[in-house]
Structures are given as structure tokens and as C-alpha cells.
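Biologist: Hi, have you got a minute to walk me through this one? I'd like the overall picture before we get to single residues.

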Amino acid sequence: MTERARDLRLQTLTVEQDGRVLTVRVVAPPYNFMTEQMHRDFDALTRVVDDDETVGAVVVTGGVEKRYITHFDIADILAAARRSERPLSERTLRTVARGVDVLSTLPGGQEALEQSPLTGLLGVNRFANLVLRIMRSPAVYIAAIGGPCGGGGLEMSVAFDVRLAADDDAVGFVLPELLIGLTTTVGGQRLAQLIGPDRALEMLLEGRMYSRQEALEMGLIRRLVPPEELLTEAQSLGARYAKRNRDTVAVQKRIFNEDYLLSPAESLRRESAANVAGILSGSAPHAMSAWVDMQQKGTGDSVFLTDLECWVQGDVVDLNASGA
């Protein structure tokens, strides 16, 4: 039997489901710092969501008042650095990381790595893989940011599909990595795609707290919402987006997040192939049949001109129904 995301019991995350929307609250009091345990919890969550067809959208918000995910706990990073036997070059670490990825998939491999000097690298790989999983997921991930969003919390959140923030003084965005001699871990490239490489580098060079209004203007968040409406707005958006077909959502996310990095010719081939596959299978034939039927019963004009709203709300066809 497939494990359900709503049944997960995690140390730093609480989970509840309403319809096809999973609401995840980050609870790591008092400051909601990101930790290795939080990485493990998000790793477990994203794995189960990918296989749970009852989930169409995931809303992530803070479970501590006026907090979202502040940043990674610097004390944890320092402790990991002190456990390392000796410094390694970036090139060597890239090679080792590939080996860690392979070893962690073998029976008992992850447990062995946890007890080895490579445990820190295993944690970084876990973070990178969970972010990739979010960017490839058939579920839509929505951040509902009601407090400070910085460091690793911001790096993970830029991989989400939608980011909303409360119009509240508690909200701010900061990337302090360069201030303590670090670089971004997993979010640098994605941030540069969202706001441009010059603005992304500026955020890191400045290292200051950017206001919610600045984040809105640079495209880091989609919109500002009154604090008391933040979660409801995110859940409402999630309920609507969850009506889209999970398989096609995953493919479309891949087109936007990965395929555009290929050559134009190869990227177009992959995008076109995905489109044809959708036309021939899945929920698309059923939906197109409903569209044509509605057109013929109506004025004959495009249904997207005459009756768009019911399609926007996802009320015409259940795109995730078994056999659709």
C-alpha cells in the first residue's frame, strides 16, 4: 500500500491534508533555524509526495509565530566543519559527492556513510536531491512566507513553484553566506534564473535583509498578502492548482526548470515529444473531448473565450481521476 503524506510523523514538520492540498508547517522553535534534521524531514516528505497521487499541491509555511525558515543553523555548520579530518579541494569534493550519491542507494550504504567522515557531504547531497525533487515533482509547491526567509530556507524556497509572503514587517529575505565566507549550497543557480545573476550576486555581496517590497519588485515573491490571509490564500491557490494533472505538471516543470538548459534543438524536441505524448494518452483526450462537446453545445466559438472560468477552476474534468 502506498504511504500517504498526510500520515507522516516528522520531527520538525507537521502535516495535514484538506482535499488535494497538503499543508506543511515548519516547527523548530524558538527560531525556526534549518537543521540537518529538517533536511531529513523534507527529504522524507518530498519522497512520499511524489508517490502520493492524492496530493496535488504542497503549501509550506512557518509553524512558529512570525517565523518561516530563518536560515541554516550556523552552529550546525561549524560543528560539521570541525568533524572534518582535513580540507579537500572543490574538484575532489565533486568526485566524492558522486560516489556518495551511488553509495547511499546501496543496501546499508546510507547507514554506513552516516558513521563515516563523509556524513557532512551526505547531508549536503541530501539537501541537493530534495531540492531537485521539488523542481521535478508532480505536485505544485507553494511557499507561504510569514517571517524571515534566509540562507538555506531561501535557497530551498526559490525551488518552489510559487512564493507568497505576508505584508508584514516580520518578513524579510537575506542571503548571508558571503558574510561568513561561504557560498550558496543549492539555490544560487535558481536564484539567478529568477531575479538575474547581477541582482542575485548583489544580494549575496550586500548580505543585508531585503524587505518584502524589494523582494516583490525583484520577482523573488509573486505577491504580498495580508498576514491573516496568507495561509488561506496559499491553500486556495493550491486547491486550484491541484486540479491540474500531476503527470503533466511534472513534465511542464521539467521543461521550465531543466530542458531549457539544453541546446535549442534538443530542448524543442523534448518539449514537442512531451506534448504529443500528452495528446495521445493520459487525461488530455478526455479533457479535449469535453472541450469540443462544450464548444458544439455553445456558440461554436472558443470555449476559452466563452467559458474559461470553469476550466481555470478545474471544474469541468477531473484530470487526476483514475483512467482519465
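Modeller: Happy to. Of the 324 residues in the protein chain, 40% are buried, where buried means under 20% relative accessible area, exposed over 50%, and partly exposed in between (1.4 Å probe, protein chains only). This is a predicted model: local features need pLDDT of at least 70, side-chain atom pairs count only at pLDDT 80 or more, and totals for chains, interfaces and linings use all residues. Residues are numbered from 1 along each chain as its sequence is written, and side-chain values use heavy atoms, with hydrogens and water left out.

Biologist: Thanks. How many helices and strands does the protein chain have?

Modeller: There are 15 helices and 9 strands. They are DSSP runs numbered from the N terminus, with helices being H or I of at least four residues and strands E of at least two.

Biologist: And how much area does the protein chain expose?

Modeller: About 17100 Å², with carbon and sulfur atoms supplying 54% of it. Those areas come from the Shrake-Rupley method with a 1.4 Å probe; for residues, only the protein chains shown count as cover. As for contacts (heavy atoms within 4.5 Å), 72% of those between residues at least 6 apart in sequence join residues at least 24 apart.

Biologist: Let's go inside. How many residues of β4 are buried?

Modeller: Strand β4, residues 140-145, has 6 of its 6 residues buried. V140, I142 and A144 lie on one side, Y141, A143 and I145 on the other, and both faces are covered.

Biologist: Why do the side chains split between two faces like that?

Modeller: In a regular strand the side chains alternate between the two faces of the sheet.

Biologist: Which strands does β4 pair with?

Modeller: β3 and β4 pair in the parallel sense over 5 bridges, and β4 also pairs in the parallel sense with β6 (residues 162-166), over 4 bridges. Two strands pair if DSSP finds at least two bridges between them. A143 is a handy residue to click on: V60 has A143 as its bridge partner in β4, and A143 in turn has R163 as its partner in β6.

Biologist: What about the sheet with β5, β7 and β8?

Modeller: That one is an open sheet of 3 strands, ordered β5-β7-β8, with mixed pairing. β5 (148-150) and β8 (210-211) are the edge strands, each pairing on one side only. β7, residues 172-174, runs antiparallel to β8, and 2 bridges join them. There, F173 stands opposite Y210 of β8.

Biologist: Switching topic: where is D52, and is D52 buried or exposed?

Modeller: D52 lies in the loop between α1 (36-51) and β3 (57-62). D52 counts as buried because its relative accessibility is 0%.

Biologist: So what does D52 touch?

Modeller: Leaving out residues up to four places away in sequence, D52 touches E3, R4, A5 and R246. With R4 there is a side-chain to side-chain polar contact at 2.9 Å. A polar contact is a pair of N or O atoms within 3.5 Å; within protein, one must be able to donate a hydrogen and the other to accept it, and residues adjacent in sequence count only if both atoms are side-chain atoms.

Biologist: How many salt bridges does the whole structure have?

Modeller: The search finds 16, each being a side-chain nitrogen of Lys or Arg within 4 Å of a carboxyl oxygen of Asp or Glu. R223 and E233 meet in one, at 2.4 Å from N to O. That pair links distant parts of the chain, R223 in strand β9 (residues 223-225) and E233 in helix α10 (residues 230-241), 10 residues apart.

Biologist: Any other pair to look at?

Modeller: Try K243 and D315, whose side chains meet at 2.9 Å, N to O. K243 sits in the loop between α10 and α11 (246-257), D315 in the segment after α15 (308-312), and they are 72 residues apart. K243 is partly exposed at 30% relative accessible area, while D315 counts as exposed at 51%. There is also a network: D43, R47 and R133 are joined by salt bridges that share partners.

Biologist: And E16, what is its salt bridge partner?

Modeller: E16 pairs with R25, the closest N and O atoms being 3.1 Å apart. E16 is partly exposed at 42% relative accessibility, and R25 is partly exposed at 22%.
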